[in-house]
Amino acid sequence: MSTGPSATGSTAGAVRHVLSHLVTPLLMCIGMGLAYLGAFHAPEPHDLRVDVVGAGPQAQVLAQTLQDKSDGALSVRTVPDRATAVNHLKTQASYGAYLPGKDPGLLVASASSDTSATVVEKVFTEVAAAQGDPLKVTDTAPTADGDPTGQGIFFLLVAVSIGSYASVAVIGGAGAVLALRIRAMLAVGASLAVSAVGAAFAGPLFGLVDHGLSGVWAMAWLYSAGILLVGIGLHTFLKRWTTLGVMVLFVMLNFTSSGGIFRPELQPGFFGSLHAFWNGAGFVEGVRSHVYFDGHALGGHVLVLALWFVVGLAVMGAAGLAEGKRRSAAAHAQGAAGSRHRAGAENRTAASPSEAVLRSQAEAKEELEEELEEAVAV
């Protein structure tokens with residue numbers, strides 16, 4: 001067995017190759033830590049909207065006192081009656097409504113966010129206890145029996161996202177030699193399959209929703225297709241860095257801003273601002289609106305998903321232009337080489353295409369293996 005200079009050089013080269021690829025998981029570790037811990041490690045309410053029911057001076061004083069004592073954590077207003085308070089909860093204009101009196105009550109809508117409802121309940125339990133009365137809590141928008149915490153939709157988002165961005169690694173890597181239109185068709189097919197699996201999870205398997213399953217499937221497809229189109233388009237430009245790029249977009253920033261665990265009113269401002277237009281929030285809030293709130297504001301959430309789909313089409317278009325320019329440049333270079341070496345043109349013409357295909361396939365296989373290894377991280 002050789003242990004000479006060539007073997008040593010080969011080992012050193014292999015180690016450098018491994019070390020260069022370890023940069024990606026290290027960046028994933030840093031990114032996931034910053035995103036998840038930054039978004040979830042210390043949830044605190046800020047401007048969390050709640051109502052106090054009543055039109056008299058007592059209700060006004062209570063509302064102002066709560067507002068002052070909360071130091072910005074709550075945004076308190078008074079409403080004239082219970083019906084108005086219920087309407088605010090069912091349109092997600094507030095996240096709790098306190099009914100003062102001899103038998104104080106609290107109205108919540110756990111389908112909006114179980115964690116927000118818990119925060120509101122804690123606040124008003126203390127208010128009622130200060131008056132020596134127990135608090136009766138009424139849930140005006142409970143979740144399905146299969147999703148008692150209301151967080152099943154978030155984990156459905158995780159499943160659909162993983163299926164989508166892992167498909168990007170396969171289609172972008174193994175399918176790199178295919179025409180872009182074929183990769184686009186594979187993306188559509190993969191998104192249909194992923195969304196069908198998501199619908200099966202949401203309905204018959206786990207009962208996360210008890211009605212409106214076709215609408216959940218449609219939003220899952222639109223969400224998945226957007227990820228696949230963006231990711232496959234980016235692969236043309238990012239190559240082996242595609243998985244990291246897709247994880248930044250659709251895991252690190254996406255899961256943390258979706259509102260599936262904590263709504264933006266309980267998160268730092270950065271993640272709260274992303275909630276307004278990121279695709280994961282569009283999916284989570286769209287499903288909540290469709291299933292629990294009679295479609296209130298559903299159009300806006302579907303529009304977010306549709307815009308991300310359009311962005312995916314635009315990225316695919318840019319990828320098509322870039323690949324076309326590369327092919328033109330390669331053909332021009334090959335033509336110039338043929339003119340300079342006319343004597344051997346026939347042999348090179350016969351050999352080059354097969355050699356190029358073999359090189360492309362080998363590179364694609366290596367990229368695919370690397371991307372699939374990286375794509376298992378969430």
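What share of the contacts in the protein chain with a separation of 6 or more comes from residues 24 or more positions apart? In this predicted model, such residues account for 76% of those contacts. The protein chain holds 12 helices and 5 strands, and buried residues make up 44% of its 378 residues. With that overview in hand, let's walk through some of the parts.

**The H6 and H7 pair**

Two packed helices are described by the angle between their axes and the distance between the axes. Helix H6 covers residues 180-205 and helix H7 covers residues 213-238; their axes lie 8 Å apart, at an angle of about 145°. The crossing of H6 past H7 is right-handed. Sorted by class, the residues in the contact of H6 with H7 are 18 nonpolar, 5 polar and 1 charged.

The loop between H6 and H7 is worth a stop as well, as it is the place of His-211. His-211 counts as partly exposed because its relative accessibility is 41%, between the 20% and 50% limits. If you set aside its neighbours within four places in sequence, His-211 is in contact with His-290 and Val-291. For the pair His-211 and Val-291, the C-alpha atoms are 6.7 Å apart in space, while the two residues are 80 residues apart in sequence.

**The nonpolar cores**

Which residues touch the most other members of the largest nonpolar core? They are Tyr-223 and Phe-283, in a core of 67 residues. Helix H7 gives the most to this core, with 10 residues. Beyond its neighbours within four places in sequence, Tyr-223 is in contact with a list of residues that includes Leu-157, Val-160, Phe-250, Phe-255, Phe-283 and Leu-305. The contacts of Tyr-223 also include Ser-161, Asn-254, Asn-279 and Gly-280.

There is a second, separate core of 18 residues, and Leu-48, Ala-63, Val-76 and Phe-124 are among them.

**Helix H4 and its cover**

Phe-124 leads us to helix H4, where it is buried along with Thr-115, Ser-116, Ala-117, Val-120, Val-127 and Ala-128. The elements covering the buried residues of H4 include strand E1 (48-53), helix H2 (57-70), strand E3 (97-99) and strand E4 (105-108).

Does the length of H4 agree or disagree with the expected span? H4 has 17 residues (114-130), so at 1.5 Å a residue it should span 24 Å, and the end C-alpha atoms are indeed 24 Å apart. The expected span counts one less than the number of residues. After H4 comes Gly-132, with a positive phi near 80°.

Ser-116 belongs to helix H4. Its relative accessibility is 0%, so Ser-116 counts as buried. Apart from neighbours within four places in sequence, Ser-116 is in contact with Leu-48, Arg-263 and Leu-266. Leu-48 is also one of the residues in the second core.

**Met-32 in helix H1**

Met-32 sits in helix H1 (residues 5-40). Why does Met-32 count as buried? Its relative accessible area is 14%, and the cut-off for buried is under 20%. Met-32 and Leu-253 are 9.2 Å apart from C-alpha to C-alpha, with their positions 221 residues apart in sequence.

**Positive phi in two loops**

Most residues other than glycine have a negative phi. Two residues that are not glycine are set out below with their positive phi values.

| Residue | Phi | Loop | Relative accessible area |
|---|---|---|---|
| Lys-239 | near 55° | between H7 and helix H8 (242-257) | 34%, partly exposed |
| Asp-294 | about 55° | between helix H10 (279-292) and helix H11 (298-340) | 77%, exposed |

Is Asp-294 buried or exposed? Asp-294 is exposed because its relative accessible area is 77%, and exposed means over 50%. Lys-239, in the loop that follows H7 and leads to H8, is partly exposed with its 34%.

Key
Residues are numbered from 1 along each chain as its sequence is written. This is a predicted model: local features need pLDDT of at least 70, side-chain atom pairs count only at pLDDT 80 or more; totals for chains, interfaces and linings use all residues. Side-chain values use heavy atoms; hydrogens and water are left out. Axes are lines fitted to C-alpha atoms, for helices over the stretch in contact, and angles run from 0 to 180 degrees between N-to-C directions. Helices (H or I, at least four residues) and strands (E, at least two) are DSSP runs, numbered from the N terminus. A crossing is left-handed if the near helix is turned anticlockwise from the far one by less than a right angle, and right-handed if clockwise. Ala, Val, Leu, Ile, Met, Phe, Trp, Tyr, Cys and Pro count as nonpolar, Asp, Glu, Lys and Arg as charged, and the others, Gly among them, as polar. A nonpolar core is a set of buried Ala, Val, Leu, Ile, Met, Phe, Trp, Tyr and Cys residues joined through side-chain atoms within 4.5 Å. Buried means under 20% relative accessible area, exposed over 50%, partly exposed in between (1.4 Å probe, protein chains only). Contact means heavy atoms within 4.5 Å.
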